[in-house]
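Colleague: I'd like to learn how to read burial, helix faces and unusual backbone angles in a model. Could you walk me through it with an example?

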Amino acid sequence: ARPRVVVVGGGAGGATAARYIAKDSKGEIDVTLIEPTRTYYTCFFSNLYIGGFRELSSIGHTYGTLAAEYGINVVHDWATGVDRDAKTVSLAGGGKVPYDRLIISPGIDFVEGAVPGWSTAAQGKMPHAYKAGTQSELLKRQIMAMSEGGTYVMVAPPNPFRCPPGPYERISMVAHYLKANNPTAKIIIADPKPNFSKQALFEEGWAKHYAGMVERIGPDFGGENVSVNPDTMEVDIDGEVVKADVCNVIPAQKAGLICESAGITDGNWAPVIGHTMQSRLDENIHVLGDASAQGDMPKSGFSANSQAKVAAMAVRGALTGSKVFPAKFSNTCWSLIDTDDGVKVGASYRATDEKIAKVDGFISATGEDAEQRKRTYEESVGWYAGITADMFG
Ligand code: FAD
């Protein structure tokens, strides 16, 4: 019988890994992909949807090609548990799927009680929009419905979290929309972190494009001491109560819950060996993307895609004896600040026995000319087309 690989989660990590294993093993490995949603909305470029630069439909992707062209068994269901001794994954719809190697890339879930007053039950009133799709739509609708001169509050997350520049790109996109449609509106960020990704670039851009609109309250001013009341739409920032028209709560994060059920977490995340992305707690399981604790890489779609290729090579090597090369990784995180004003930060990485370690990096400079910024934005559009083709075929 052919060796079996089961992949849990059809996002940036999981879809890429499934596709590479099926493609490169040329039918030698039986690949099953378990993913509950039929349309996966990328978080990447979901901020551009909020800013009006993209339609929601343009960031939705389906699994038809992975099934039809690559012969992957796509199962639309939730994985509810992993029996690591029997090597099976159980499904919400009933039944168990056996594996020789299991790849888990479930993304994030939220730490309960991280923002007092907020729970996932409140996400219909105070959206996180940190999983894309209906949450992104809701947040956009709320922003469009803000009263004239109203207030948008973001409760930003503590480190580590998915997409370090993501909250700040979002602020830029919300400001872009409000500047055109509700120019006296205000944006407040309550932030528990003393500093954040590409901070100088964002702050320069906000001053240039959205002067006076954005106020960030860092930990020195109580930005880490926040509670919310979804019924009254009040946000308490260190004793100061703000009435919000929109309150975008992005709570502290942890590995997708299936990692806890599988018993492969240590604290909030699932530790892995960088050389192969194998779990440090079970050599038959590989963990990719946001859920993994791997070292220096940020939690991004680019990182998850890069890690997936390393895991795919390691899994094929283990199951079919194909050649395995030393693990190399890369990442770039682009952000759009305003029309044609794109910035980026990135690095290359290699695996050591302890972790995935940064080799060298780069970042856009403040004060760059408009041509350079436009090129950076255009590069991100090309990257989006490339990574989604790499994931979904
Ligand atoms: P995901 O892509 O989230 O995939 C996880 C999948 O697993 C989901 O489809 C989910 O339905 C499924 N799943 C979960 N649990 C189960 C289960 N029990 N059974 C079966 N399936 C399950 N990254 C970039 O590189 N560039 C960007 O510009 C960028 N912008 C971003 C902007 C925002 C606003 C946000 C929120 C994120 C952004 N990211 C960006 C980060 C990027 O989206 C994530 O880092 C990336 O999606 C992680 O990939 P993953 O495979 O770990 O998780």
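Colleague: Let's start with helix H1. Which of its residues are buried?

Modeller: This is a predicted model, and burial in it is judged by counting neighbouring C-beta atoms: 20 or more within 10 Å makes a residue buried. In H1 the buried residues are Ala-12, Gly-13, Gly-14, Ala-15, Thr-16, Ala-17, Ala-18, Arg-19, Tyr-20, Ile-21, Ala-22 and Ser-25. That is 12 of the 14 residues, so H1 is largely enclosed by the rest of the structure.

Colleague: What covers the buried residues of H1?

Modeller: The cover includes three strands, E1 (4-8), E2 (30-34) and E9 (101-104), along with the helices H3 (64-68), H8 and H9.

Colleague: And how does the length of H1 compare with what is expected at 1.5 Å a residue?

Modeller: From first C-alpha to last, H1 reaches 20 Å, close to the expected 20 Å. Just beyond the helix, Lys-26 has a positive phi of about 45°.

Colleague: Can we put H8 through the same reading? What span should it have, and is it mostly covered or mostly open?

Modeller: The 20 residues of H8 should span 28 Å at 1.5 Å a residue, and the end C-alpha atoms are indeed 28 Å apart, which agrees. As for burial, H8 is mostly covered, with 16 of its 20 residues buried. Right after H8 comes Gly-321, whose phi is positive at about 80°.

Colleague: Now a helix with two sides. How do I recognise a buried face?

Modeller: The general idea is that an α-helix has 3.6 residues a turn, so residues three or four places apart point the same way. Now take H6, residues 199-209: its buried residues are Leu-201, Phe-202, Gly-205 and Trp-206. Viewed down the axis of H6, they fall within an arc of 130°, so they line one face of the helix. On the other side of H6, Ala-207 and Lys-208 are exposed.

Colleague: What lies over the buried residues of H6?

Modeller: Their cover includes H5 and the strands E13 (214-217), E23 and E24 (341-351).

Colleague: Some of these elements must come up again around the ligand. How many residues surround the ligand, and which are the closest?

Modeller: There are 39 residues around the ligand, and the closest are Gly-9, Gly-11, Gly-13, Gly-107 and Gly-289. Two or more shell residues come from each of helix H1 (12-25), helix H2 (46-51), helix H5 (166-181), helix H8 (301-320) and strand E23 (328-338). By residue type, the shell divides into 19 nonpolar, 15 polar and five charged.

Colleague: Next, the backbone. What should catch my eye there?

Modeller: Most residues other than glycine have a negative phi, and most peptide bonds are trans. With that in mind, look at Phe-45, whose phi is positive, near 75°. Phe-45 sits in the loop between strand E3 (39-41) and H2, and it is buried, with 24 other C-beta atoms within 10 Å.

Colleague: Where is Lys-198, and is it buried or exposed?

Modeller: Lys-198 is in the loop between strand E12 (186-190) and H6. With 23 C-beta neighbours inside 10 Å, Lys-198 counts as buried. Although not a glycine, Lys-198 has a positive phi of about 55°.

Colleague: Which peptide bond is cis?

Modeller: The bond from Asn-159 to Pro-160 is cis, with omega near -10°. Pro-160 belongs to the loop between strand E11 (151-155) and H5.

Colleague: What about residues between the buried and exposed classes? How is Asn-268 classed?

Modeller: Asn-268 has 17 C-beta neighbours inside 10 Å, so it counts as partly exposed. Asn-268 lies in the loop between helix H7 (257-261) and strand E19 (270-273). Beyond its neighbours within four places in sequence, Asn-268 is in contact with Val-111, Lys-254 and Ala-255. Glu-379, in helix H9 (residues 370-392), is also partly exposed, with 14 C-beta neighbours inside 10 Å.

Colleague: Last one: how should I set record annotations beside the model?

Modeller: Treat them as the record's statement and add the geometry yourself. An unreviewed UniProt entry places "domain: FAD/NAD(P)-binding" at residues 4-117. In the model that span is 22% helix and 33% strand, with its end C-alpha atoms 44 Å apart. UniProt also lists, again in an unreviewed entry, "domain: Flavocytochrome c sulphide dehydrogenase flavin-binding" at residues 327-392. Residues 327-392 are 35% helix and 45% strand, and their end C-alpha atoms lie 23 Å apart.

Note on methods. Residues are numbered from 1 along each chain as its sequence is written. This is a predicted model: local features need pLDDT of at least 70, side-chain atom pairs count only at pLDDT 80 or more; totals for chains, interfaces and linings use all residues. A residue is near a molecule or strand if its C-beta atom, placed from the backbone, lies within 6 Å of it. Helices (H or I, at least four residues) and strands (E, at least two) are DSSP runs, numbered from the N terminus. Ala, Val, Leu, Ile, Met, Phe, Trp, Tyr, Cys and Pro count as nonpolar, Asp, Glu, Lys and Arg as charged, and the others, Gly among them, as polar. The expected span of a helix is 1.5 Å times one less than its number of residues. The arc is that of the directions from the helix axis to the C-beta atoms. Two residues are in contact if their C-beta atoms, placed from the backbone, lie within 7 Å. UniProt positions are given in the numbering used here, feature names are shortened, and annotations may be inferred rather than shown by experiment.
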